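Please load the model in a viewer and keep the selection panel at hand. The tour proceeds from one selection to the next.

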Amino acid sequence: MNIKQKLTRMKSHLSTPNSQTVAPLQPPPVTEKQTVPYKDAWDALSASIHFLDDAYMIKREVAYPLDYQHGNHTFQELYDVCSRWENETANHPLHSCGRRPEDFLFFDTETTGLNSGTGNMIFLLGGAQFTGENVKVSQYFLPGPEAEVALYYHFLSDTPPTHSLVSYNGKSFDWPQLKTRHTLVREEVPKLPAFGHYDLLHAARRLFRNRLSSCILSVVEKEILGITRKDDTPGYLAPMLYFDFLQDPHPDFVKGVLTHNEWDVLTLITLYIDLSKRVLQPTANDAEMFEIGKWYAHVKEWEKAEWCYEKVTVTTTCKELRLNSHFLLGHVLKKQQRIPEAQIHFQAAATEGSAHRYGAIIELAKYQEHQLKDFEKALSYSLTAQRLARDAKSRLESEKRVTRLQKKLPGNAN
Amino acid sequence: MRKQTLDELIEWLRTDPDVKERIAHWHTLPAQEAKTVSFPSSLDSRIINALEKRGISSLYTHQASAFEQSGIRKENTIAVTPTASGKTLAYNLPVLQSILADKNSRALYLFPTKALAQDQKSEINEFIEEMGEDIKSFTYDGDTSPAVRQAIRKAGHVVITNPDMLHTAILPHHTKWISLFENLTYIVIDELHTYRGVFGSHVANVIRRLKRIAHYYGSNPVFICTSATIANPKELAETLTGETFQLIDNNGAPRGRKHFVFYNPPLVHEALNIRRGATKEVNELASHFLKENIQTIVFAKSRVRVEIILSHLQELVQKELGPKTIRGYRGGYLPKQRREIEKGLRTGEIMGVVSTNALELGVDIGQLQVCIMTGYPGSVASTWQQAGRAGRRQDESLILFVAGASPLDQYMIQHPDYFLEQSPESARIDPDNLIILVDHLKCAAFELPFHEGEQFDGVEIHDILDFLTEEHVLHHRGRKWYWMNDTFPAHGISLRSASQENVVIIDQTDISRIKVIGEMDRFSAMTLLHEKAIYLHEGIQYQVETLDWEERKAFVQEVQVEYFTDANLAVELKVLEEDKVTETPAFLTAFGDVMVNAKATIFKKIKMTTFENIGSGSIHLPEEELHTNACWISFPKRVTDQFTRDQFEQALIGFAHVLRHVAPVHVMCDRNDLHVVPQIKAAHSEEPTIFLYDRYPGGIGLASAVYKETPLLLQKAKQLVQSCPCLAGCPSCTGEDGNLGEESKWAVMRLIRFMEEE
């Protein structure tokens, strides 16, 4: 039995992934510098061919006017956003830090697989950037696996190292994958610059997590940004369509993927504008204000956080939100060494029905014990806390506190 | 009352009239002095200082050889050493020396299990600390926290891992490990003998991938391997790694006196040659030692047997010791449980352990005093490994081999010399098993595209790459084959078990606390986890309530019953292709491809105390199909004509029974890995035939070895039947029960004589 016959017989033992039903067409050989298959079709997509030695890659460019409205915003609003960030002295993860709109690359990739790992190839690098006159989307497409050197060479030569990437989940997926593939061709292409990187997934999660069923980009587009796509090719089909393309390199197979990617990078502009505005001038609902406060607290901008929480405690009609804000406000004041002030808010958060009741009472006990040295009051708080302790850690913590305070109290030898 | 010492108990074995009679042979291995040499002059002074701080003033001979050959001359070495002989220094010295000389130098350590890797990490780190050098050594496995992973990839001088992790996590992400692969100086493979059979064949391919990646980054590492005693350590190392090796077998470690006692349970039925069960004897002997606080390990061959002995022992010595001080240990226990047991044995909190061969491995459990084997472990190599668990360094120790009724056990007890003088078996792997090879070629293509004309460590692969291209897994473009699929190939390929997915065992006794208690491979699950099966775990009986075959889940509930279950597997065989054939006038031996259809049919309930059949039930599971290699022996009409129909049937079944026991010993595999099936009328030839087939799809070289060694097997089978003291055939030679007829022994001998005539 020859090997192929044997393999066919053993197919059921072999874990070959879903075999496709496409007819295996022989791809035209592309080893030599020669005519590019279906070149006219590429031209029609405003794509051009770029050679490097014997291999070529395909670059597609589309321009949008600055006043183009994509969802709830026009692209030119980015200029306003950037200058408003310039007037903001507080630190924030979305802060443009002196960057002009022209310094951003709104960036997304399409890959041959959804897992990470060396064999997962990037076949499309898409980026949108402001040129001063318009917004230009540049897409770098890999016509075949042999052309990676050409792909990365042109992408990296075109992209100034001073650019900052703006992506959606790019910190954990696109960028590491790009690093992986770059490693394999690193001798033949420019070095990978240490781009700055804004990952808007983290930002969107902070603000919209409680409101949306999921923070995937299509949901954010629809629910928050007012963007609806028509005839979109879903991202999970991209690998299959690309494999079809490799069998028969007609751009029709991947046209939908190119459009999908183009939309993605444009949406990133709208999303950055939208998120920035929400943070720069919080006007929306109290719940969002609360989240923005937490975000500032996360980067240790205590005054900003204080301002947000304070506002929520005053305006909100939701009891839960108010109590939570009091509790976090207490902490933020404590961080600024404004300890007596903080007590008012811990006191408020210690009322019945508060989610942080235990934590607030512990804070009150600490204050009595360490600042005012009123051990009796501290003990009384601690005993209440002990009753409220729900998990092993807090039970242990409150018990320790009670024991220690009992020792400190005169006439209470045990 | 004062506890008796081991000396006194040994004396009791020698002198007690009842016990004395059952001892077939008493072999004493004298103590051995250490053989040492002074530190080599080239050994780094910082290493010498650290050794001296630990009270080591010279090297054992094998350690010095390893340093000389792998450390100085950069040759691949395989050191054969028994347990506790200081083998870690054999590789730690060359590796540390190379890192001290060049801080960029990196080493990769492979251990078959996570536990062994953990042991080694502590050992090497203590040594590094003693030297006061900034050398970083880490384990990298599924438990490693994501936070430290990056540091390990970039800065770990010594990365300690297992083949599975290398397969699914390191190689497919090699671009994150550049500093390791660019500077890889040494690859250490400990416990080399465990890499045999299916597992070994997989690992050999993982190593092909590892070498391919190392070469890609420009490194050419030296291999240092260590192994327990097997017949072909050098051959195994060379097949596993595709490199040439120097053998180091001048073990210089000292050894205490060992008593090796061959114990045969007393006869209960003279004429039928039926003896008391080994399990019962082991229960009594073990409790005798345990009651005197002598740390004892009991080995048993199957998981079920482990659990049976465990529950008996726990009951017997509960009053004296408390129930927790005797534990079970086997595959299927969760890692946390295992660690706890290992630690308990080291600290002495656990007095006794009942284990399958899982504890043959170098897991550190300290030194035990007595080792009891319930039946012959199946190979000489295994036996010595198990025996090594008792008295690992200087002390006197006792090893009791308690024979069971199986032909092999009785043969061993009749011929202790066979065992004591026999060289251990060879470990076999077949890295070119087509299914395994194809699986790893997919992984390799995912890691780096294949060039036209590229070989896979010497294997021609053009045809396979073409096949994978047709299957739309690879894409052939230009002069390369590229991975072009949206899956992650390593995830679908398990190195350990024949079937790809294991069945998870879920305890739902307490509805509010449903938990996973273990797992089992699919093939075993057919006969051990079918509905109504009794599954034993840590001495607790569970009944399988439902087996969800699609989802690979078995739901069990705790029960207390007096029986265990034993399932039958019905097997159908089709010969697909005959590759080789040898014919003599009396029989024909052939080797080729077969298709096996196996189906679990019925199960029996067997009473624990008397082993009688007390009920049965049917099993409803789909048939499993297996394409594999087989060796078969068929008999022409001129031989069968010499017998009556009944006689020949007895001869065939009896002969198959003998082969079932003899063959695995000679090809060094578990009895479950090589199935033996007699057929009165085989489908392909209509002739009476005995099939011996590999249980793993595609075969892993067992049937092929049987084919090559048929004459030897024949001879061993004959010796076994001849030397059995029974008159007409007994469970110890030609049959498991007495229903076979009174002439089976005679018939088998006659058949063998016919076969020998030409």
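How far apart do the C-alpha centres of domain 1 of chain A and domain 2 of chain A lie? In this predicted model, the two centres are 44 Å apart. To view them, select residues 35–280 of chain A for domain 1 and residues 286–408 of chain A for domain 2, as the domain assignment gives them.

Next, select the place where these domains meet. Nine residues of domain 1 of chain A are in contact with eight residues of domain 2 of chain A. On the domain 1 side, helices α6 (200–208) and α9 (252–280) of chain A are the elements that give two or more residues. By residue class, that side of domain 1 of chain A comprises four nonpolar, three polar and two charged residues.

Now select the whole of chain A. Its secondary structure comes to 16 helices and nine strands. The radius of gyration of chain A is 29 Å, whereas the globule rule gives 22 Å for 414 residues, so chain A is more spread out than a compact globule. Aligned along the principal axes, the C-alpha atoms of chain A fill a box of roughly 95 × 65 × 40 Å. Of the 414 residues of chain A, 42% count as buried. Among contacts in chain A with a separation of 6 or more, 61% join residues 24 or more positions apart.

Finally, turn to chain B and select B:Arg14, which is in helix α1 (residues 6–15) of that chain. B:Arg14 counts as partly exposed because it has 13 C-beta neighbours inside 10 Å. Add B:Trp26 to the selection: B:Arg14 and B:Trp26 are 12 residues apart in sequence, and their C-alpha atoms are 9.0 Å apart in space.

Key
Residues numbered from 1 in each chain as written. Chains lettered and ligands numbered in written order. Predicted model: local features only at pLDDT ≥ 70, side-chain atom pairs only at ≥ 80, totals over all residues. Helix = DSSP H or I, 4+ residues; strand = E, 2+ residues; numbered from the N terminus. Buried ≥ 20, exposed ≤ 12 C-beta atoms within 10 Å, placed from the backbone. Domains from an automatic or database assignment. Contact = placed C-beta atoms within 7 Å. Nonpolar A, V, L, I, M, F, W, Y, C, P; charged D, E, K, R; others polar. Rg over C-alpha atoms; globule rule 2.2 N^0.38 Å.
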